[in-house]
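The following exchange examines how descriptive terms are applied to a protein model. Each answer sets a value against the rule behind the term.

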Amino acid sequence: MKTIRVVAAVIRDGEKIFATMRGYGDFRGLWEFPGGKIESGETPQEALKREIREELASEIAVGELIDTVEFDYPTFHLSMDCFWCQLIRGNLELLEAAEARWLTKETLKSVEWLPADLALVDKIEKALTLLPS
Ligand SMILES: Nc1nc2c([nH]c(=O)n2[C@H]2C[C@H](O)[C@@H](COP(=O)(O)OP(=O)(O)OP(=O)(O)O)O2)c(=O)[nH]1
Ligand SMILES: [Mg+2]
């Protein structure tokens, strides 16, 4: 099975996390973290900054790796590096996504996530619970 290498940005602002809904394709209507496929010659961090420019017309700072998600979809294997990120510049314009929300630990599971994201969302929920208040 072919492996697709993807990077995803978990953009955090205090207690809130930014999530987007896919507006097209097989996963239309499901929620994800913005990002996309790593192109040849790019580091994951470079790919992520490029994707956020392309999808959201914004600049991010890429922080620590949260997790590398490994997930078998029916037609491909997904290997996805997920990073904590912060917005540096721009207004997170939805150039591709159908919808976006800032979610808190209370509302993180109120949207329907892509199947590969469920374990990651658990990890993020725990991290948000441990934030100093
Ligand atoms: N960006 C992103 N992709 C995810 C997540 N979870 C998940 O299973 N995926 C899958 C869906 C896609 O099959 C794959 C790559 O995502 P993508 O469609 O964003 O790639 P891309 O931005 O390069 O878009 P394209 O040019 O290929 O249309 O990763 C997630 O949280 N964020
Ligand atoms: Mg994308």
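Ala, Val, Leu, Ile, Met, Phe, Trp, Tyr, Cys and Pro count as nonpolar, Asp, Glu, Lys and Arg as charged, and the others, Gly among them, as polar. The model to which this rule is applied is a predicted one.

Q: How do the residues of the shell around ligand 1 divide into nonpolar, polar and charged?
A: Under that rule, the shell holds 9 nonpolar, 2 polar and 4 charged residues.

Q: Which of the 15 residues around ligand 1 come nearest, and what makes a residue count as near?
A: A residue is near the ligand if its C-beta atom, placed from the backbone, lies within 6 Å of it. Of the 15 residues around ligand 1, those that come nearest are Glu-32, Gly-35, Gly-36, Lys-37 and Ala-116. Strand S1, strand S4 (35-37) and strand S6 each contribute at least two residues to this shell.

Q: Why is Ala-8 called buried?
A: The term requires 20 or more other C-beta atoms within 10 Å of a residue's own. Ala-8 has 25 such atoms within 10 Å, and it is therefore buried. This residue lies in strand S1.

Q: With which residues is Ala-8 in contact, leaving aside its neighbours within four places in sequence?
A: The contacts of Ala-8 are Phe-33, Gly-35, Met-80 and Cys-82. Contact here means that the C-beta atoms lie within 7 Å. A separate value concerns C-alpha atoms: those of Ala-8 and Phe-83 are separated by 6.5 Å, although the two residues are 75 residues apart along the chain.

Q: What makes a set of residues a nonpolar core, and which residues have the most contacts inside the largest one?
A: The members must be buried, must belong to a list that includes Ala and Val, and must be joined through C-beta atoms within 7 Å. The largest such core has 27 residues, and Ala-8, Ala-9 and Val-10 have the most contacts inside it. At least two residues of this core come from each of S1 (3-13), S2 (16-21), helix H1 (44-56), S5 (59-72), S6 (77-89) and helix H2 (118-129). S1 gives the most, with 6 residues.

Q: How do you know that S1 and S2 pair, and in which sense do they run?
A: Pairing requires at least two bridges between the strands. S1 and S2 are joined by 2 bridges and run antiparallel, so the requirement of at least two is met. One of the bridge partnerships links Arg-12 with Ile-17 in S2. The two strands form a hairpin with 2 residues between them, and Gly-14 in the turn has a positive phi of about 65°.

Q: Which other strands pair with S2 in the antiparallel sense?
A: Strand S7 (residues 99-103) is joined to S2 by 5 bridges, and Phe-18 stands opposite Trp-102 in S7. Strand S3 (residues 31-32) pairs with S2 over 2 bridges, with Glu-32 in S3 as the bridge partner of Thr-20.

Q: Why does the radius of gyration of the protein chain agree with that of a compact globule?
A: For 133 residues, a compact globule would have a radius of gyration near 14 Å; the protein chain has 14 Å, and the two therefore agree. The C-alpha atoms fill a box of roughly 45 × 30 × 25 Å along the principal axes.

Q: How many helices and strands are there in the protein chain?
A: The chain has 2 helices and 7 strands, in the pattern β-β-β-β-α-β-β-β-α along the sequence.

Terms used. Residues numbered from 1 in each chain as written. Chains lettered and ligands numbered in written order. Predicted model: local features only at pLDDT ≥ 70, side-chain atom pairs only at ≥ 80, totals over all residues. Buried ≥ 20, exposed ≤ 12 C-beta atoms within 10 Å, placed from the backbone. Helix = DSSP H or I, 4+ residues; strand = E, 2+ residues; numbered from the N terminus. Contact = placed C-beta atoms within 7 Å. Rg over C-alpha atoms; globule rule 2.2 N^0.38 Å.
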